[in-house]
Amino acid sequence: MSFIWSLIVGGILGAVAGMIVGRDVPFGIVGNIIAGFIGSWLGTSLLGQWGLNIGGFYIFPALIGAVVLILIFSFITGRRKG
């Protein structure tokens with residue numbers, strides 16, 4: 001059950017990060033989950049473990065990491081808004 005909870009939280013984090021940045025995450029919900037997972041790892045690695053912990057994710061560092069990840073991906077692929 002914790003794996004499913006992690007998928008849900010990762011998907012929500014990726015979707016919120018995409019809304020903050022204003023860019024689409026490729027591959028829909030799967031892309032959101034991947035952005036949430038990788039963003040969580042990136043944010044926690046760079047910013048540490050602080051804030052609210054839900055489903056194994058520290059929400060604030062994970063969200064910041066997902067936003068950075070989406071910005072980097074958009075820059076590399078040349079994706080624009082919407």
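A residue counts as buried when its relative accessible area is under 20%. Keep that cut-off in mind while walking through this predicted model.

Start with G10. This glycine sits in helix α1. Its relative accessible area is 0%, so G10 is buried. Now look across to G48, which lies 38 residues away from G10 along the chain. The C-alpha atoms of G10 and G48 are 18 Å apart.

Move on to the loop that joins α1, residues 2–21, to α2. P26 is found in this loop. Its relative accessible area is 14%, and because the buried class covers values under 20%, P26 is buried too. The C-alpha atom of P26 is 22 Å from that of F57. Those two residues are separated by 31 positions in the chain.

P26 also leads to the largest pocket, since its name appears in the lining. D24, V25 and F27 line the pocket as well. So do G31, I34, A35 and I38. L69, I70, F73 and S74 complete the list. Two helices each supply at least two of the lining residues: α2, spanning 28–47, and α3, spanning 59–77. What is the chemical make-up of the lining of the largest pocket? Nine residues are nonpolar, two are polar and one is charged. The space inside the largest pocket comes to about 190 Å³.

Next, stay with helix α2 and find V30. Is V30 buried, partly exposed or exposed? Partly exposed residues fall between the under 20% and over 50% limits. V30 has 46% relative accessibility, so it counts as partly exposed. I76 is 46 residues from V30 along the chain. Their C-alpha atoms are separated by 19 Å.

I76 brings us to the surface, where it belongs to a nonpolar patch. The patch covers about 1,100 Å². Its other members are L46, L47, W50, L52, F60, I64, V68, I72 and F75. Helices α2 and α3 are the elements that give two or more residues to the patch. Which element gives the most to the nonpolar patch? Helix α3 does, with six residues.

L47 is one of the patch residues, and its place is in helix α2. L47 has 40% relative accessibility, and therefore counts as partly exposed. Patch members need over 30% relative accessible area, and the value for L47 is 40%.

Helices α2 and α3 thus appear twice on this tour. Both supply residues to the lining of the largest pocket, and both give residues to the nonpolar patch.

Terms used
Residues are numbered from 1 along each chain as its sequence is written. This is a predicted model: local features need pLDDT of at least 70, side-chain atom pairs count only at pLDDT 80 or more; totals for chains, interfaces and linings use all residues. Side-chain values use heavy atoms; hydrogens and water are left out. On a 1 Å grid over the protein atoms alone, a cavity is a set of points where a 1.4 Å probe fits but cannot get out, and a pocket is an open set with protein on both sides within 12 Å along at least five of seven lines; lining residues have an atom within 4 Å of a point. Grid points are joined across faces, edges and corners, and a volume is the space filled by probe spheres set on the points. Helices (H or I, at least four residues) and strands (E, at least two) are DSSP runs, numbered from the N terminus. Ala, Val, Leu, Ile, Met, Phe, Trp, Tyr, Cys and Pro count as nonpolar, Asp, Glu, Lys and Arg as charged, and the others, Gly among them, as polar. Patches are made of residues with over 30% relative accessible area and no salt bridge: like charges are joined within 9 Å, nonpolar side chains (Val, Leu, Ile, Met, Phe, Trp, Tyr) within 5 Å. Accessible areas come from the Shrake-Rupley method with a 1.4 Å probe; for residues, only the protein chains shown count as cover. A salt bridge is a side-chain nitrogen of Lys or Arg within 4 Å of a carboxyl oxygen of Asp or Glu. Buried means under 20% relative accessible area, exposed over 50%, partly exposed in between (1.4 Å probe, protein chains only).
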